[in-house]
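Hi,

Here's the structure I promised to pass on. Have a look, and my notes are underneath.

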Amino acid sequence: MSKIYLLDVTNRDGVQTAKLGLSKIEKTMINLYLNEMGVFQSEFGFPTTRHEVNYLNANLELAGMGVLKPIRLQGWIRAVADDVRTAFKYVPDIKHVNLSLSTSDQMINGKFRGRKNRQDIIRDMAEAVDVARAMGAETIGVNAEDASRTDLNFLIEFGLTAKEHGADRLRYCDTLGYDNPFTIYETVKTLTDSVQIPIEIHCHGDLGMAEANSLAGAKAAVDGGQDVYVNTTINGTGERAGNADLVAVILAVTKSKGFAEKYELGMPIDLSRSWKIAKFASYAFGVPIPMNQPGVGANAFAHASGIHADGVLKDPENYELYGFGELGRGEPEFVETGREIIAGQYSGISGFSHLMGKMEVSFTNDDNARDILELVRYANVESQKPLVEDELLFIAKYPEISRKLLTLNPLG
């Protein structure tokens, strides 16, 4: 039976959220946490963007070392042949790519303003796929941007051409959150039946239905006999109203009425990592987790009314579909209220050594400690916030990788 895979796009669509961003070490931590959770693939960045290059190459190096395994790292590229060539020039070891092009008449007319027509879109996409394969791509996804507003017959032609040229997946993008669970099921089922290629589902929340649409789209693809790759972001970050939330999608697939009995995840997911990854993304982006966020919100397991409190104390299943422990919650959190030593951009060697010693990290000598401290200082400059423990441990364990992550090469 066809399976459901998770393809997280926090490091691509999430970081495109207006007014938000992540440092390169924060993006790397996201990849590490996704890998620990069991997510199949991370859309980890833009290989044609100069400031991403060192980060992308460093993360591929981590993959080669076995640190980022088994997760796949995939880059997002415009479906333009020259962009594909540039991507492989900057990031020669990249093996998984997604090539994106607008397909709706609204986008063709409104964005390209007469410079392209439908056949130009087909031709550009096909050429980009051919170049990506020639450059050594192992897997190629083709993205139909604004697919939910694209003429279905043209979308089928687009998908068939992508398949003919060797694309591995077709991404159905509900770019404006225009679909509902009924329309996306009908469209994706027809698309899958017609093209017979694995489908990606990429949903936005402009109408509040990103997770519901993701579930309906996944069902349609599997019902059509194809594997499906559901795009998510941590805490639902993303442009405008955001993307389908990672934890909410996992809960919907595994906990909603009767779904898991018929539709299976292709890889085991460690749901107990949910709390940790949601908290880190919240801290890194500087955006609080909504109190009513499924699974990880402050009120997700809070009960106030007498009937609910009485019922949940007698049997949690009276008012909870799943336990808080399943999501890695329940441990107390400790906050320093007295003296606190923080590693920042102006830290000294004494305070830094004290802080790392509390995490049972020792240095071979003072020079080694100073080298790591210098990297931590630069990481603080980039993120403009104190580093979390896992970031400090990562820098201490992989100083050369960290140096690459902190190195930017402006055009000149």
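Below is what turned up on the core, the cysteines and one helix pair.

First, the ground rules: this is a predicted model, with local features needing pLDDT of at least 70 and side-chain atom pairs counting only at pLDDT 80 or more, while totals for chains, interfaces and linings use all residues. Residues are numbered from 1 along each chain as its sequence is written, and side-chain values use heavy atoms, without hydrogens or water.

The largest nonpolar core (buried Ala, Val, Leu, Ile, Met, Phe, Trp, Tyr and Cys joined through side-chain atoms within 4.5 Å) has 117 residues. Ile4, Val97, Leu99 and Leu246 have the most contacts inside it. Apart from that core lies another one of five residues, including Tyr5 and Tyr229.

On to the cysteines: there are zero disulfides (cysteine sulfur pairs within 2.5 Å) in the structure. For Cys173, the nearest cysteine sulfur is that of Cys203, 9.0 Å away. Cys173 is buried (under 20% relative accessible area, 1.4 Å probe, protein chains only) at 6%, and Cys203 is buried as well, at 1%.

Last, the helices (DSSP runs of H or I, at least four residues). The axes (lines fitted to C-alpha atoms over the stretch in contact, with angles from 0 to 180 degrees between N-to-C directions) of α1 (residues 24–37) and α10 (residues 274–285) come within 10 Å and cross at roughly 165 degrees. The two are therefore roughly antiparallel (over 145 degrees). Residues making the contact (heavy atoms within 4.5 Å) include Met29 and Tyr33 of α1 and Ile277 and Phe280 of α10.

Cheers

Terms used
Buried < 20%, exposed > 50% of the residue type's maximum accessible area, 1.4 Å probe, protein only. Parallel < 35°, antiparallel > 145°, perpendicular 65-115°, else oblique.
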